[in-house]
Amino acid sequence: MNVETDIITLTRFILQEQQKLAPNATGELSLLLNSLQFAFKFIAHNIRRAELVNLIGISGTANSTGDVQKKLDVIGDEIFINAMKSSNNVKVLVSEEQEDLIIFEGGGRYAVCTDPIDGSSNIDAGVSVGTIFGIYRLKDDSKGSINDVLRKGTEMVAAGYTMYGASAHLMLTTGNGVNGFTLDTQLGEFILTSPNLRIPQKRAIYSVNEGNSYYWPESHKRYIEDLKKPQDDLKGKPYSARYIGSMVADIHRTLLYGGIFAYPADTKSKNGKLRILYECFPMAMLMEQAGGSAVNDKGERILDILPKGIHDKSGIWLGSKGEVDKFLTYIK
Ligand code: P6P
């Protein structure tokens with residue numbers, strides 16, 4: 001029997017990274033990441049059981065942005081809040097499901113921004129959904145306030161997502177590249193399966209909801225229309241269109257295969273739909289750490305944005321650097 005006897009679990013990986021990159025670290029971030037992984041395992045468990053115990057469907061309550069909450073949204077949010085609270089490392093929590101930020105008792109030194117179940121509107125159809133997170137270290141003199149999260153994305157110390165599909169896939173960056181882990185449900189461990197993941201420099205795939213194209217600026221329309229024409233460097237083939245409508249699933253494909261994902265701002269939604277702190281920033285940090293890039297509709301770097309509110313939104317274009325650079329030639 002061919003048994004792999006030296007597997008790298010997330011716990012082992014986090015400790016190795018800490019010893020390698022920050023030998024004098026307090027270990028608090030490592031402990032926080034371990035609390036995070038418990039939340040992912042518990043949410044994955046509930047999503048797998050959803051059909052069986054009828055968690056699918058509307059919970060009847062509405063979240064901070066007025067979306068009607070699905071039962072799993074509510075459960076995912078509660079699981080996340082409890083895991084962060086009990087970690088004793090988190091002081092400030094921003095959740096898509098909570099109108100105001102949460103300040104925990106105790107001396108935690110981190111602020112976490114999360115969308116506990118992103119893509120949940122698709123969940124009844126069995127589409128992969130996910131938890132997106134971004135982590136700031138509190139400012140030195142801070143006791144925990146909104147000022148710890150209304151900061152540029154460049155100040156995030158870690159970010160990632162867990163996609164709940166056929167398996168649970170965690171993509172994580174702590175500022176030194178991107179590493180992918182897959183949950184082994186028998187072991188109950190996330191196993192390192194995509195070490196030092198790099199996004200392909202170019203890939204003829206575009207991912208955007210063209211149902212909004214009537215409201216786009218001319219530059220965006222021209223760019224997308226040109227992708228549909230025979231491409232000289234593709235032997236006359238056009239780009240492929242792929243759009244799932246669940247950001248975590250669309251970004252996961254983009255990270256692995258390459259291409260460009262976008263949710264543009266338009267005349268209907270002047271700041272787009274995706275939230276800066278817990279959708280745009282974490283995905284932009286992952287893309288940059290994997291060798292890709294992420295910009296807004298004016299071509300400005302997403303991570304340089306300074307949000308003014310915890311649920312602020314931004315238009316976003318991200319993915320392979322070659323593809324984002326191509327988009328930039330249409331708006332510069
Ligand atoms: P649309 C899901 O509701 C979500 O927040 C993201 O996961 C996804 O990328 C986007 O909205 C899809 O929005 O307008 O294309 O359905």
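## A tour of two cavities, the salt bridges and two backbone outliers

About 30 Å³ of space lies in the second largest cavity. The model is predicted, and it holds 2 cavities of 30 Å³ or more.

**Stop 1: the second largest cavity.** Select Y206, S207, V208, Y223, I224, I260, F261, A262 and W317, the residues that line this space. Colour them by element of secondary structure: β11 (205-207), α4 (218-227) and β13 each supply at least two of the lining residues. The biggest share comes from β13, with 3 residues. Switch to colouring by residue class, and the lining shows 8 nonpolar residues, 1 polar residue and no charged ones.

**Stop 2: the largest cavity.** Now select L10, I14, L33, L36, F40, F133, L170 and L172, which surround the largest cavity. The volume here is about 40 Å³. Three elements, α1 (10-21), α2 (28-49) and β8 (168-173), each contribute at least two residues to the lining. Of the elements involved, α2 gives the most, with 3 residues. By class, the lining of the largest cavity consists of 8 nonpolar residues, with no polar and no charged ones.

**Stop 3: E96 and R275.** The structure holds 15 salt bridges. Start with the one between E96 and R275, where the closest N and O atoms are 2.9 Å apart. E96 sits in the loop between β3 (90-95) and β4 (102-103), and R275 in the loop between β13 (260-263) and α6 (276-289), so this salt bridge ties together parts that are 179 residues apart in sequence. Are the two partners buried or exposed? Both E96 and R275 are buried; the label applies because each has under 20% relative accessible area. Add E279 to the selection: E96, R275 and E279 are linked in a network of salt bridges.

**Stop 4: K321 and D325.** Go next to helix α7 (residues 321-331) and show the side chains of K321 and D325, which are 4 residues apart and so separated by about one helical turn. They form a salt bridge, with 2.8 Å between the closest N and O atoms. D325 is partly exposed at 31% relative accessibility, and K321 is also partly exposed, at 35%.

**Stop 5: R301 and D304.** Select R301 and D304, whose side chains meet in a salt bridge at 3.5 Å, N to O. R301 has a relative accessible area of 35% and counts as partly exposed. D304 is partly exposed as well, with a relative accessible area of 36%.

**Stop 6: two backbone outliers.** Turn from side chains to backbone torsions. Most residues other than glycine have a negative phi. Which sign does phi have at N88? N88 has a positive phi of about 60 degrees, although it is not a glycine. To find N88, look in the loop between α3 (71-87) and β3. With a relative accessible area of 58%, N88 is exposed.

Finish at K235. Where does K235 lie? Its place is in the loop between α4 and β12 (240-241). K235 is not a glycine either, yet its phi is positive, at about 55 degrees. K235 is exposed, with a relative accessible area of 81%.

Definitions and conventions. Residues are numbered from 1 along each chain as its sequence is written. This is a predicted model: local features need pLDDT of at least 70, side-chain atom pairs count only at pLDDT 80 or more; totals for chains, interfaces and linings use all residues. Side-chain values use heavy atoms; hydrogens and water are left out. A salt bridge is a side-chain nitrogen of Lys or Arg within 4 Å of a carboxyl oxygen of Asp or Glu. Buried means under 20% relative accessible area, exposed over 50%, partly exposed in between (1.4 Å probe, protein chains only). On a 1 Å grid over the protein atoms alone, a cavity is a set of points where a 1.4 Å probe fits but cannot get out, and a pocket is an open set with protein on both sides within 12 Å along at least five of seven lines; lining residues have an atom within 4 Å of a point. Grid points are joined across faces, edges and corners, and a volume is the space filled by probe spheres set on the points. Ala, Val, Leu, Ile, Met, Phe, Trp, Tyr, Cys and Pro count as nonpolar, Asp, Glu, Lys and Arg as charged, and the others, Gly among them, as polar.
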